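Open the model in your viewer, with the sequence panel beside it, and keep a selection box ready. The stops below are arranged so that each selection leads on to another.

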Amino acid sequence: VVGQMTQPTLVTFAVLLCSSALVNGGKVLVFPLDGSHWINMKVIVEELHARGHEITVLRPTDTWYIKPESPHYKSITINDSAGFDEESFGLFVRKQLSLRREGASLWTRISVEYEILILFYEMNKKLLQMVGGIFENQKLMQSLRDTKYDLVLTDPATGGGVLLGHRLGLPLVFNVRWTVQGEGHHAIAPSPISYVPIPGMQLTDKMTFTQRVMNLLYYIFTCFQVWYITDPNYKPFVHHYFGKDVHYMELFQAADIWLMRNDFTFEFPRPTMPNIIYMSGFQCKPSKPLSKELEDFVQSSGEHGVIVMTLGTLVPHLPEDITEDIAAAFAELPQKVIWRHTGKRPSTLGNNTLLVDWLSQNDLLGHPKTRLFVAHGGTNGMQEAIYHGVPLVGLPLMFDQHDNFFRMEARGVAKVLDIGILNKDNFLEALKEVLYDPSYREKMKKLSDLHRDQPMKPIDRAIFWIEFVMRHKGAAHLRTESYKMSRIQYYSIDVVAFLLAVVLLTFGVFISAVKLLWRRMFSRNKVKKE
């Protein structure tokens, strides 16, 4: 075949090969966050690998899901803890459940918030100890420099990847929804609290006066959280390694591209920035066939269809009395139920319910017989439900889950229950409402249509911008430099003060001139009269 090629054809073929190598030969250093965050980060890692990039993942010894061996990446294991091990986090989750079941009092809410503050403080403290160990390991740092990575891909919900990226002088790309100070938009985009709800308040962009007051008060509380949790850890670390004149959030705000795990079928309308790239549902894809045994079970549901229930990676099972009530409610429905549950088998379990240790969430949600998704409210599950058009019953537990489900409830595609007062009757009532009120499915179908109506797949958009940063050694032209301004400069307080001073000075000069003129005129008139 080669012998039959003309010289121009061979030249063209060689150029294509060379250009392909240039596009696909990037080196990416990944500093991930464990748990569900790694589950969606792994989707990007696998896609980058499929396109010819070389991926290296930094992982601590106490990692939960990040495996040391993979066909998609090389790993570097840090002999230290990042504070996110499965056992300690499991204890935290059980304590959260226990607190929520004590009631909806103000004291319970304060206790829940305090426990979350303590968890995040300790996680950040341990993470920075690990990062400090990396910085002090000259051999490791030199190895990272010698590899000549093109960029650092990280999740800024913790700051390790941000700090390492700046230490190595590499472009930064975020797989983001949260930073160490809260929701990602608030770090770089204008966020007027008059119509941008603070996450956790469960408000829409259309707030009454009272709600705007509450939004402001909660914003002040989030500032306290930053002062109590984040500043004491990050300020001294950054001052030690980057200089006294550097604020740690400047390192976050200097990132080149923010790949936002969100879009405006989920987010309320708000200001954004050129380097925020929306890739909501990038992990979603058409469903694959189920195993024969599972497909047979699904098909046995007939016209009634199937309910899928899972509470994600953090909560494999609930307290026994709650699972008894859930199982009893499921047993009264004609639908078949597939429930990811690893605890004790409920005595009230019906013949229509199949318990599994693991389930392929995306494949089940994409099955035509799936009628309802019972979930905890993680971002991944919400987006897969939107993508496949499956309405929801929510059992939010902690973190952003209540806020996520509030957004779904505000759009009329979900019914949300308080896990603290869950029982058979109110759970069964919620299931029947979503199953038999057609508005839930119709509204979710419309939401799914809006989400899918895009010029390119979200994962393709994400990979394009990662490769864009590789090609151009960053994306500084898309990044505002406003983060380098003080608050006085940012809000033009100095300009307003200057203009006000000019106005007051001009007014003062004018008044003085009028007074002087008046005195002279008065003096002349007095002389004439005399």
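Begin by selecting Lys27, which stands opposite Glu54 in strand S2. This is a predicted model, in which local features need pLDDT of at least 70 and side-chain atom pairs count only at pLDDT 80 or more, whereas totals for chains, interfaces and linings use all residues. Residues are numbered from 1 along each chain as its sequence is written, and side-chain values use heavy atoms, with hydrogens and water left out.

**The sheet**

Extend the selection to strands S1 (residues 27-31) and S2 (residues 54-60), which run parallel and are joined by four bridges; two strands are said to pair if DSSP finds at least two bridges between them. Helices (H or I, at least four residues) and strands (E, at least two) are DSSP runs numbered from the N terminus. Now add the other members of the open sheet, whose seven strands follow the order S3-S2-S1-S4-S5-S8-S9 with parallel pairing. At its edges are strand S3 (74-78) and S9, each of which pairs on one side only, and the twist from one strand to the next averages 20°.

With the sheet still shown, select helix H17 (residues 458-472), which lies across S1, S4, strand S5 (172-176), S8 and S9 and runs at about 170° to S8. Such angles run from 0 to 180 degrees between N-to-C directions, the axes being lines fitted to C-alpha atoms, for helices over the stretch in contact.

**Loops that follow the strands**

Which residue meets the side chain of Asp155 in a salt bridge? Select Arg261: the pair is 3.4 Å apart, N to O, a salt bridge being a side-chain nitrogen of Lys or Arg within 4 Å of a carboxyl oxygen of Asp or Glu. Asp155 lies in the loop between strand S4 (151-154) and helix H6 (160-168), and Arg261 in the loop between strand S8 (257-260) and strand S9 (276-278), so the pair ties together parts that are 106 residues apart in sequence. Asp155 is buried, at 1% relative accessible area, and Arg261 is buried as well, at 5%; buried means under 20% relative accessible area, exposed over 50%, and partly exposed in between, with a 1.4 Å probe and protein chains only.

Move on to Glu267, in the loop between S8 and S9, which counts as buried at 7% relative accessibility. Leaving aside residues up to four places away in sequence, Glu267 touches Glu183, His185, Asn262, Arg407 and Arg411, where contact means heavy atoms within 4.5 Å.

**A covered helix**

Next, select helix H13 (residues 379-388): is this helix mostly covered or mostly exposed? Helix H13 is mostly covered, since ten of its ten residues are buried, including Glu384 and His388. The buried residues of H13 pack against helix H2 (36-50), helix H12 (361-365), strand S13 (370-375), strand S14 (392-394), helix H14 (401-410) and helix H16 (438-452). Just after H13, look for Gly389, which takes a positive phi of about 70°.

**More salt bridges**

Select Glu332 and Lys424, whose side chains meet in a salt bridge at 2.4 Å, N to O. This pair links distant parts of the chain, with Glu332 in the loop between helix H11 (320-331) and strand S11 (336-340) and Lys424 in helix H15 (residues 424-436), 92 residues apart. Glu332 is partly exposed at 44% relative accessibility, and Lys424 is partly exposed at 26%.

For a pair within one helix, go to H10 (residues 292-299), where Lys292 and Asp296 lie four residues apart, about one turn of the helix. Their closest N and O atoms are 3.0 Å apart in a salt bridge; Lys292 is exposed, at 62% relative accessible area, while Asp296 is partly exposed, at 41%. Then select Asp256, Arg479, Glu481 and Lys484 together, as these are linked in a network of salt bridges.

**Out to the surface**

Finish with Phe209, Val213, Met214, Leu216, Leu217, Tyr219 and Ile220, which form a nonpolar patch on the surface with about 640 Å² of accessible area together. Patches are made of residues with over 30% relative accessible area and no salt bridge, nonpolar side chains (Val, Leu, Ile, Met, Phe, Trp, Tyr) being joined within 5 Å and like charges within 9 Å; accessible areas come from the Shrake-Rupley method with a 1.4 Å probe, and for residues only the protein chains shown count as cover. One of the patch residues, Leu217, lies in helix H8 (residues 209-242) and is partly exposed, at 48% relative accessible area.
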